[in-house]
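Visitor: Please take one part of this model and look at it closely with me, going from one piece to the next. I would like to follow how strands are paired.

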Amino acid sequence: MINLPPSVQKVLEGRIDPKSQHLLEQFSQTFLIILTIISFISSYFSSSVILGLELFLGGLVILLLAAVPPWPYLNRYPRKFLPVRKLHQT
Amino acid sequence: MYSTLQRLNHISSLATTYVMILLGLISIASFLSLPSVDVGKVEIKDLIVQKGRLRRWGARQEELASLKFDIRTDLNPLLNSYNTKQLFIYLTASYEEQSTGHTHDVVLWDRIIQRAEIRDIRAEAKNKYQWRNPSGTFKNVEYANMTLHYSLMPYVGILSSGVAATAQGPVTIPELIKR
């Protein structure tokens, strides 16, 4: 990863701001709980196990697309770093 | 959640946990909602007892019973059920030997039916496995009860079993055919 150009490194590392990190954590938990409930109910009432598993997989792919790559909307409040200071010479 | 790989790791571990919960819910729901089966009929024809040998090395001459039978039962509600992958049906004969008082249970025929082969099960077959008595002769056995059991194998969950068809009454075992 060190030998790649910095722009590619930045995308692969994919930093997002801390507020988005908290939001993503909560959102992915609730999303997966609701997805489990929906896929179980739909598989029970359509009497097909495969349908429930396919629904779960579809929802999981949507969540991964929305959460994993470092989109701009996840980086709205970037962390502010202090400017570089020189240590005083002894 | 600070880097791409970490988000991928976290979300996929959450997802695998929830998939296990989903499969657990499916197995519990299908176990609690198994349909009941109408018990069908087994007709036994051509039951004969004759002298023969088992198909293995060092087998002695002894009395073997062989039969043909006809099964009429509707297993579609079981096969179509929520979580069924396949059914394993087997025909057993259970009888008591008068001289020793032991009860014997032998499997005569079995078959696997997959979910895709949905139709009325009407098999006319003969016994797959040879029916012998441990004491070598059938003269102390008067009659036997034939039942067709099934064993339901789900996609995910617990095995369950039951009775699918019975013969209409005990079947008398005939005398040895002397050649």
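Guide: Two strands count as paired if DSSP finds at least two bridges between them, and the strands themselves (E, at least two residues) are DSSP runs, as are helices (H or I, at least four residues), both numbered from the N terminus. This is a predicted model, in which local features need pLDDT of at least 70 and side-chain atom pairs count only at pLDDT 80 or more, while totals for chains, interfaces and linings use all residues. Residues are numbered from 1 along each chain as its sequence is written, chains are lettered from A and ligands numbered from 1 in the order in which they are written, and side-chain values use heavy atoms, with hydrogens and water left out.

Let us begin with strand E3 of chain B, which covers residues 84–97 and runs antiparallel to strand E7 of chain B (residues 141–154), the two being joined by 12 bridges. Within this pairing, B:Gln86 has B:Met153 in E7(B) as its bridge partner. E3(B) also runs antiparallel to strand E4 (residues 103–114) of chain B, with 11 bridges between them, and here B:Ile89 is partnered by B:Arg111 in E4(B). E3(B) and E4(B) form a hairpin with 5 residues between them, and in its turn B:Gly101 has a positive phi of about 80°.

Strand E2 of chain B (residues 61–72) can be followed in the same manner, starting from strand E1 (residues 40–53) of chain B, to which 11 bridges join it in an antiparallel arrangement. In this pairing B:Glu43 stands opposite B:Asp70 of E2(B). E2(B) pairs with strand E5 (residues 124–126) of chain B as well, again in the antiparallel sense and over 3 bridges, with B:Phe69 standing opposite B:Ala125 in E5(B). Strand E6 (residues 131–132) of chain B is joined to E2(B) by 2 bridges and also runs antiparallel to it, and B:Leu64 faces B:Arg132 in E6(B).

B:Arg132 deserves a second look, since B:Arg132 forms a salt bridge (a side-chain nitrogen of Lys or Arg within 4 Å of a carboxyl oxygen of Asp or Glu) with B:Glu62, where the closest N and O atoms are 2.7 Å apart. This salt bridge links distant parts of the chain, as B:Arg132 in strand E6 of chain B and B:Glu62 in strand E2 of chain B are 70 residues apart. Over all chains, the structure holds 5 salt bridges, whereas the count between chain A and chain B is 0.

From the strands we can turn to how chain B meets its neighbour. In contact, meaning heavy atoms within 4.5 Å, are 31 residues of chain A and 23 residues of chain B. The two chains bury about 2,300 Å² between them, of which 72% is on carbon and sulfur atoms; buried area is the accessible area (1.4 Å probe) that two parts lose on being put together, summed over both. Of the area that chain A buries against chain B, 25% is supplied by A:Phe40, A:Val49 and A:Val68, more than by any other three residues. Helix H1 (6–13), helix H2 (18–45) and helix H3 (49–67) of chain A each supply at least two residues of the side that touches chain B, and the largest share of that side, 12 residues, comes from H2(A).
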